[in-house]
Amino acid sequence: MRDIYERLLAAASLRSTDGAIRVSAEYEPIGGAGDTLFPPTVKVKETDGAGYLVEPRYVNGEKVEVVWLDQPQSQANRCEQAVMDAIREGSAYLPHLLLVTESAGVPVRTTNLQAPHRSRDAYFRDAEDATGAAFDKTEAGRALRQASSEDWSAYLRLVPSDLVYGVWDSHRKRRIQVKIPRAYKSAMIGIAPLIGVRGAGRVDPLNLAGDTVQVSESGWTPAEGTKAHKGAKTARMSELGHGMIPPSEGLGGVSVRSVQREASLAMAQLASLRFGDAGEEFTAAARALVAAIALLGDRLAFASPALRLRSGCDLVLVSERVQWVQRGRDGRPQEEPLAVNTVHEALALFEIASERARAAGLEWSAEPVALKPNASLQQAIDKSFLSDGVGEAEGE
């Protein structure tokens with residue numbers, strides 16, 4: 001593993017012929033090849049209704065249609081959640097921001113590994129430390145705000161995963177905003193999709209009538225044959241979760257020829273990371289550490305024999321290759337196996353990278369940066385946990 005680290009150390013600064021690390025994997029539905037899978041639904045512009053993301057693409061030189069099963073943003077979130085789980089279990093540790101509160105007796109926690117915009121998320125912009133100081137005015141908050149492409153050392157020290165998955169500080173009004181491109185990218189597609197249909201409906205065991213009722217904050221009341229008074233909110237019983245819903249045609253998932261995952265780690269992006277006036281040894285070790293974090297996240301999220309993307313989209317791993325991608329020869333890039341296939345191997349590599357970065361001068365706090373919501377954010381969180389009358393049923 002130390003030999004692999006030395007090769008990674010050189011590659012992350014473009015001091016070798018290695019230009020990338022690539023993971024190629026093939027899956028099939030747990031029900032067998034060709035079984036129905038459910039991609040994420042999106043609002044389609046042409047029809048203004050629900051649909052799937054389908055596009056043409058070249059696969060092995062052949063032009064085919066593919067359906068998105070999991071996009072890069074979602075795949076990155078899976079890696080981040082897997083890293084966060086490892087932190088909670090104690091098998092690995094990365095510095096991170098931690099927002100902690102409570103609402104209606106329920107503990108509420110989020111970190112930059114879970115927030116949509118990572119360390120630059122509005123949750124942290126609207127947070128404060130234990131003394132009541134706004135996060136952006138704390139030592140850690142100022143350091144992250146003042147970072148730039150010439151010096152990402154604050155991100156390496158406080159939120160190193162942001163350097164792997166990328167971040168954009170779009171929630172703060174600044175003419176020059178912090179933007180860090182992702183170094184790691186992964187996506188999953190289904191090849192040659194056949195779009196299915198299904199009949200969706202619901203049976204009410206008491207066969208309640210689907211009448212229109214009057215809705216208020218305290219609940220709902222039958223109209224009893226009279227019209228609701230002017231300005232009153234009304235709804236059908238089926239919208240409130242009662243009554244019959246006749247079956248109607250809906251999206252029925254897809255059947256695909258194969259399911260593929262392609263992930264990559266870009267050495268050129270790692271080599272672009274700068275850390276102020278830090279020396280060459282520190283810079284090289286820092287880049288290699290970011291690379292090791294990327295590999296760790298990938299293995300934690302995807303090394304298992306099975307994968308659940310969402311309900312109706314359970315997959316089993318059929319084959320997988322983790323490879324170095326080198327400068328091309330005779331018109332083709334050269335590929336060599338990279339022996340970081342398991343979580344255990346990725347953890348070992350991460351430990352070596354962490355050790356070398358510390359030896360070069362990196363200091364990581366053993367505790368996350370602890371924050372709490374400010375008064376406005378706490379009020380908004382509390383509102384989310386309030387039960388306010390009846391709501392409309394979804395997905396029926």
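Mentor: Before we start, a residue is buried if its relative accessible area is under 20%, exposed if that is over 50%, and partly exposed in between. Keep in mind that this is a predicted model.

Trainee: Okay, so is Ala192 buried, exposed or partly exposed?

Mentor: Start with its place, the loop between S11 and strand S12 (194–202). Its relative accessibility is 24%. Buried needs under 20% and exposed needs over 50%, so Ala192 counts as partly exposed.

Trainee: And what is the phi of Ala192 near?

Mentor: Most residues other than glycine have a negative phi. Ala192 isn't a glycine, yet its phi is positive, near 55°.

Trainee: Where does Arg118 lie?

Mentor: Arg118 also has a positive phi, near 55°, in a residue other than glycine. With a relative accessibility of 12%, Arg118 counts as buried. You'll find Arg118 in the loop between strand S7 (106–111) and helix H3 (122–125).

Trainee: Let's zoom out. How many helices and strands does the chain have?

Mentor: The chain holds 396 residues, and 42% of them count as buried. Along its principal axes, the C-alpha trace spans about 80 × 60 × 40 Å. Its tally is ten helices and 21 strands.

Trainee: Among contacts between residues at least 6 apart in sequence, what percentage join residues at least 24 apart?

Mentor: Here we set aside pairs that sit fewer than 6 places apart in the chain. Of the contacts that remain, the share joining residues at least 24 apart is 73%.

Trainee: Now helix H2 (residues 72–89). How far apart are its end C-alpha atoms?

Mentor: H2 has 18 residues, and we reckon 1.5 Å a residue. The expected span uses one less than the number of residues, so H2 should span 26 Å. The model agrees, because the end C-alpha atoms are apart by 26 Å.

Trainee: Which residue follows H2?

Mentor: Inside H2, the buried residues include Pro72, Cys79, Val83 and Ile87. Just after the helix comes a residue whose phi is positive, near 90°. That residue is Gly90.

Trainee: How are H2 and H8 arranged, roughly parallel or roughly perpendicular?

Mentor: Their axes are 8 Å apart and the packing angle is about 90°. Angles of 65 to 115 degrees fall in one class, so H2 and H8 are roughly perpendicular.

Trainee: Which residues of H8 make that contact with H2?

Mentor: By class, this contact has seven nonpolar, two polar and two charged residues. H2 brings Gln75, Arg78, Cys79, Ala82, Val83 and Ala86. From H8 come Gly297, Asp298, Leu300, Ala301 and Phe302.

Trainee: What about helix H1 (residues 2–11) and helix H8 (residues 280–302): at what angle do they pack?

Mentor: The crossing of H1 and H8 is right-handed. H1 and H8 are roughly perpendicular to each other. Their axes are 8 Å apart, and the angle is about 115°.

Trainee: How many nonpolar residues does the contact of H1 with H8 have?

Mentor: On the H1 side we have Tyr5, Leu8 and Leu9. They meet Ala284, Ala285, Ala288, Ala291 and Ala292 in H8. No polar or charged residues take part, and the nonpolar count is eight.

Trainee: Is H8 roughly parallel or roughly antiparallel to H9?

Mentor: The axes of H8 and helix H9 (residues 343–359) come within 9 Å and cross at roughly 160°. An angle over 145 degrees settles it, so H8 and H9 are roughly antiparallel.

Trainee: Is the crossing of H8 and H9 left-handed or right-handed?

Mentor: Don't assume the handedness found for H1 and H8, which was right-handed. When H8 passes H9, the crossing is left-handed.

Trainee: How far apart in space are Ala183 and Thr234, C-alpha to C-alpha?

Mentor: Ala183 lies in the loop between strand S10 (179–180) and strand S11 (184–191). It is buried, with a relative accessible area of 5%. Ala183 and Thr234 are 51 residues apart in sequence, and in space their separation is 51 Å.

Trainee: Last one: which strand holds Gln323?

Mentor: Gln323 counts as buried, at 11% relative accessibility. Beyond its neighbours within four places in sequence, its contacts include Ala20, Arg22, Glu335 and Leu338. Gln323 itself is in strand S19.

Technical notes: Residues are numbered from 1 along each chain as its sequence is written. This is a predicted model: local features need pLDDT of at least 70, side-chain atom pairs count only at pLDDT 80 or more; totals for chains, interfaces and linings use all residues. Side-chain values use heavy atoms; hydrogens and water are left out. Axes are lines fitted to C-alpha atoms, for helices over the stretch in contact, and angles run from 0 to 180 degrees between N-to-C directions. Helices (H or I, at least four residues) and strands (E, at least two) are DSSP runs, numbered from the N terminus. Angles under 35 degrees count as roughly parallel, over 145 as roughly antiparallel, 65 to 115 as roughly perpendicular and the rest as oblique. A crossing is left-handed if the near helix is turned anticlockwise from the far one by less than a right angle, and right-handed if clockwise. Contact means heavy atoms within 4.5 Å. Ala, Val, Leu, Ile, Met, Phe, Trp, Tyr, Cys and Pro count as nonpolar, Asp, Glu, Lys and Arg as charged, and the others, Gly among them, as polar. Buried means under 20% relative accessible area, exposed over 50%, partly exposed in between (1.4 Å probe, protein chains only).
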